[in-house]
Structure formats: C-alpha cells, structure tokens
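Trainee: I have a new structure on my screen and would like to practise reading it. Could we go through it together, one question at a time?

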Amino acid sequence: MNRKFQIIALCALLIGAPLSMRAEAMCDEVETEMTGVTLSVSGPRVSVRNADGETLEVYNLTGVMVASYHVDSDAKTIHLTVSKGCYIIKVGKVVRKVFIR
C-alpha cells in the first residue's frame, strides 16, 4: 500500500512540475504585455527595456532593499553591485526572482 502511494505521489509530481512552469511562463508573458517592461539577467548584469523613468529596486530574500538604480533610457544595462545570492528585482509592477553567481 505504501509503495503504491509513493508511485502515485511521484507521478503527480512529475506531471505537475511542467504544468506549473508553463503557468509561470504564461503569467510572465501576460505581465510583460500589460506593462511593456522586460527584464533579462545575465550574471550581475540586468538589461531593462521599456522602463524609461522607472526605478530598479533590488531586495534580498528578507525583503530589505539592498540597491536602487534609476532607469534613464528605454534600453539600459545595469551592473548590480551586490554579493552572490538570491534577490528580488522590481521595476514598476514587474517583479523577478534572480540568482546572482
């Protein structure tokens, strides 16, 4: 009985993980379409598009703001001056969780 439950739980996990990733990607697409702001992260560099006049805010996982940058053009690349770790980046209404290596 216990073995059957483990197999069912594993199958549910394997089926549910791709669905949740697709749902998250769909939410990101809808959010981008609504705001027009796009973010892409490569190491400590963050590329921001369509956010002229906005402020890019960087928070640690406890919710404390650790950095803030002014976006003064439609396409700007910002080099984050934070240590390695997980952070939350916010530009306007767009929020992303990133890992800086």
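Trainee: Which side chain shares a polar contact of 2.7 Å with Glu57?

Mentor: Keep in mind as we go that this is a predicted model. Glu57 is found in strand β3, which covers residues 55-59. The polar contact of 2.7 Å runs from the side chain of Glu57 to that of Tyr59.

Trainee: Glu57 carries a charge, so is Glu57 buried or exposed?

Mentor: Look first at the strand around it: four of the five residues of β3 are buried, and the strand is mostly covered. Glu57 has no salt bridge, and the nearest side chain of opposite charge, Lys90, is 4.2 Å away. A salt bridge has to be within 4 Å, so that distance does not qualify. As for its place, Glu57 is buried.

Trainee: Which residues is Glu57 in contact with, leaving aside its neighbours within four places in sequence?

Mentor: Try sorting the contacts by strand. β4 spans 65-70, and β6 spans residues 85-91; use those ranges to place each name. With close sequence neighbours left aside, the contacts of Glu57 are Met65, Ala67, Ser68, Ile88, Ile89 and Lys90.

Trainee: How many bridges join β3 to β4?

Mentor: These two strands form a hairpin with five residues between them, and Gly63 in the turn has a positive phi of about 95°. One of the pairs to find is Tyr59, whose bridge partner in β4 is Met65. The strands run antiparallel, and the number of bridges joining them is five.

Trainee: And how many bridges join β3 to β6?

Mentor: Two pairs will help you see this side of β3. Leu56 stands opposite Val91 in β6, and the bridge partner of Val58 in β6 is Ile89. β3 and β6 run antiparallel, and the count of bridges is four.

Trainee: In what order do the four strands of this open sheet lie?

Mentor: Begin at the edges: β4 (65-70) and β7 (94-100) each have a single partner strand, so one side of each is left without a neighbour in the sheet. From one strand to the next, the twist averages 20°. The pairing is antiparallel, and reading across gives β4-β3-β6-β7.

Trainee: Let me try a residue in an edge strand. Which residues does Val66 touch, not counting those up to four places away in sequence?

Mentor: Val66 has its place in strand β4. Val66 is partly exposed, with a relative accessible area of 39%. Its C-alpha atom is separated by 10.0 Å from that of Ile88, 22 residues apart along the chain. Beyond the close sequence neighbours, Val66 touches Val58, Tyr59, Asn60, Val82 and Tyr87.

Trainee: What is the order of the strands in the three-stranded open sheet?

Mentor: Here the edge strands are β1 (38-42) and β5 (75-79), each pairing on one side only. Neighbouring strands are turned by 20° against each other on average, direction ignored. The pairing is antiparallel, and the order is β1-β2-β5.

Trainee: Which residue in the turn between β1 and β2 has a positive phi?

Mentor: Five bridges join β1 to β2 (residues 45-49), and the two strands run antiparallel. Among the pairs, Thr38 stands opposite Arg49, and Ser42 stands opposite Arg45. The hairpin has two residues between its strands, and the one with a positive phi of about 65° is Gly43.

Trainee: Which residues make up the covered face of β2?

Mentor: β2 also pairs with β5, in the antiparallel sense over five bridges. There, the bridge partner of Ser47 is Thr77. Ser47 lies on the uncovered face of β2, along with Arg45 and Arg49, while the covered face holds Val46 and Val48.

Trainee: Last one: which two residues meet in the salt bridge?

Mentor: The structure holds one salt bridge. One partner, at a relative accessible area of 48%, is partly exposed, and the other is partly exposed at 23%. The distance from N to O is 3.1 Å, and the side chains that meet are those of Asp72 and Lys76.

Methods: Residues are numbered from 1 along each chain as its sequence is written. This is a predicted model: local features need pLDDT of at least 70, side-chain atom pairs count only at pLDDT 80 or more; totals for chains, interfaces and linings use all residues. Side-chain values use heavy atoms; hydrogens and water are left out. Two strands pair if DSSP finds at least two bridges between them. Axes are lines fitted to C-alpha atoms, for helices over the stretch in contact, and angles run from 0 to 180 degrees between N-to-C directions. Buried means under 20% relative accessible area, exposed over 50%, partly exposed in between (1.4 Å probe, protein chains only). Lys and Arg count as positive and Asp and Glu as negative; His and the chain ends are not counted. A polar contact is a pair of N or O atoms within 3.5 Å; within protein, one must be able to donate a hydrogen and the other to accept it, and residues adjacent in sequence count only if both atoms are side-chain atoms. Contact means heavy atoms within 4.5 Å.
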